[in-house]
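The following exercises are to be worked with the sequence and the coordinates at hand. Each task is followed by a solution in steps.

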Amino acid sequence: YGSNVTTRTINSVGRNNGSQRLESGDIVCLSGYEEDVLGESNIPIIKVEKADINNPEAVIGVVEYKVSLKEETEFSGTEESTTGGEEITRKSFRFDEGNANQGDYVSIVVFGPADVKVDSRESIQTGQKLTVSGNTGNARSIKSTDNWTIGILGKALEDSNGKDTMKVFVNCK
């Protein structure tokens, strides 16, 4: 038996640790991690905040959407009877509407194509390397005058053409 698994992106879940609200397309950077919030999965959750010119080397990815921690309770007994069974609570992250305030969780694209906010005044060309622009959490092209330690978000998959959002292949370095 065999199967193929195809994914569009590689994602991680992060918690907004910054004071600014996070929206889809915002570039985020690492600000720490917290121990496993799901219980028995032993998966730490990264803490993130909106990236800016003060922390471009910590860029980790792009916000895809808000997620919420959901708890579901079930019984370990048979379907006919729950007597003698044990109550089990499972936690998971699920898509949620809206933007992420401080303490909320987000799905973060860490590798692959994503819609990224850019400055509409920027003239970004397909294939250009991108980094963080100013204090907005948006992307800009890397310039020859940039410091060699600047964080790379990824490469433009299209020309910006005055748009506020564009496709970027996220591959942070």
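**Exercise 1. A lysine in strand E5**

Lys91 is part of strand E5. The model is a predicted one. Task: determine whether Lys91 is buried, partly exposed or exposed, and establish which residues Lys91 touches.

Solution.
- Step 1. The relative accessible area of Lys91 is 33%. Partly exposed residues fall between the limits of 20% and 50%, so Lys91 is partly exposed.
- Step 2. Leaving aside residues up to four places away in sequence, Lys91 touches Val37, Leu38, Leu69, Lys70 and Glu71.
- Step 3. For one of these, Leu38, the C-alpha to C-alpha distance to Lys91 is 5.3 Å, with the two positions 53 residues apart in sequence.

**Exercise 2. Overall architecture**

Task: state how many helices and strands the protein chain contains, and what percentage of its residues is buried.

Solution.
- Step 1. The protein chain has zero helices and ten strands. Read from the N terminus, the order of elements is β-β-β-β-β-β-β-β-β-β.
- Step 2. Of the 173 residues in the protein chain, 36% are buried.
- Step 3. Among contacts with a separation of 6 or more, 65% join residues that are 24 or more positions apart.
- Step 4. The protein chain exposes about 10300 Å², and 45% of this area comes from carbon and sulfur atoms.

**Exercise 3. Nonpolar cores**

Task: identify which residues of the largest nonpolar core touch the most other members, and which strands each supply at least two residues of this core.

Solution.
- Step 1. The largest nonpolar core has 18 residues, and Ile27, Val116, Ala139 and Leu153 touch the most other members.
- Step 2. At least two residues of this core come from each of strand E2 (27–34), strand E4 (59–75), E6, strand E7 (129–133) and strand E10 (165–171).
- Step 3. Another core, of eight residues, lies apart from the largest one; Leu22, Ile46, Val63 and Val106 are among its members.

**Exercise 4. Aromatic pairs**

Task: state how many aromatic pairs the structure holds, and classify the pair of Tyr65 and Phe95 from its geometry.

Solution.
- Step 1. The structure holds three aromatic pairs.
- Step 2. The ring centres of Tyr65 and Phe95 are 5.2 Å apart and the planes meet at 65 degrees, so this pair is edge-to-face. The cut-off for that class is over 60 degrees.
- Step 3. Tyr65 belongs to strand E4 and Phe95 to strand E5 (residues 87–96), so the pair ties together parts 30 residues apart in sequence. Tyr65 is partly exposed, at 28% relative accessible area.
- Step 4. Phe111 and Phe169 also form an edge-to-face pair, with 5.1 Å from centre to centre and 85 degrees between the planes. This pair links distant parts of the chain, with Phe111 in strand E6 and Phe169 in strand E10, 58 residues apart.
- Step 5. Phe111 is partly exposed at 35%, and Phe169 is partly exposed at 31% relative accessibility.

**Exercise 5. A lysine in strand E6**

Task: decide whether Lys117 is buried or exposed, and find which side chain makes a polar contact with the side chain of Lys117.

Solution.
- Step 1. Lys117 lies in strand E6, which spans residues 105–117.
- Step 2. Its relative accessible area is 18%. Because buried means under 20%, Lys117 is buried.
- Step 3. The side chains of Lys117 and Glu23 make a polar contact at 2.4 Å.
- Step 4. Beyond residues up to four places away in sequence, Lys117 touches Glu23, Ser24, Gly25, Asp26, Asn138, Ala139, Asp164 and Thr165.

**Exercise 6. Two residues of one loop**

Task: determine whether Ser160 is buried or exposed, and do the same for Asn161.

Solution.
- Step 1. Ser160 is in the loop between E9 and E10; Asn161 is found in the loop between strand E9 (154–156) and E10.
- Step 2. Ser160 is buried, at 1% relative accessibility, whereas Asn161 is exposed, at 66% relative accessible area.
- Step 3. A polar atom of the Ser160 side chain lies 3.0 Å from the backbone oxygen of Glu122. Residues up to four places away in sequence aside, Ser160 touches Glu122, Ser123, Ile124 and Met166.
- Step 4. Asn161, a residue other than glycine, has a positive phi, near 45 degrees. Most residues other than glycine have a negative phi.

Terms used: Residues are numbered from 1 along each chain as its sequence is written. This is a predicted model: local features need pLDDT of at least 70, side-chain atom pairs count only at pLDDT 80 or more; totals for chains, interfaces and linings use all residues. Side-chain values use heavy atoms; hydrogens and water are left out. Helices (H or I, at least four residues) and strands (E, at least two) are DSSP runs, numbered from the N terminus. Buried means under 20% relative accessible area, exposed over 50%, partly exposed in between (1.4 Å probe, protein chains only). Contact means heavy atoms within 4.5 Å. Accessible areas come from the Shrake-Rupley method with a 1.4 Å probe; for residues, only the protein chains shown count as cover. A polar contact is a pair of N or O atoms within 3.5 Å; within protein, one must be able to donate a hydrogen and the other to accept it, and residues adjacent in sequence count only if both atoms are side-chain atoms. A nonpolar core is a set of buried Ala, Val, Leu, Ile, Met, Phe, Trp, Tyr and Cys residues joined through side-chain atoms within 4.5 Å. Rings of Phe, Tyr and Trp (its six-membered ring) pair if their centres lie within 6.5 Å; planes under 30 degrees apart count as stacked, over 60 as edge-to-face and the rest as tilted.
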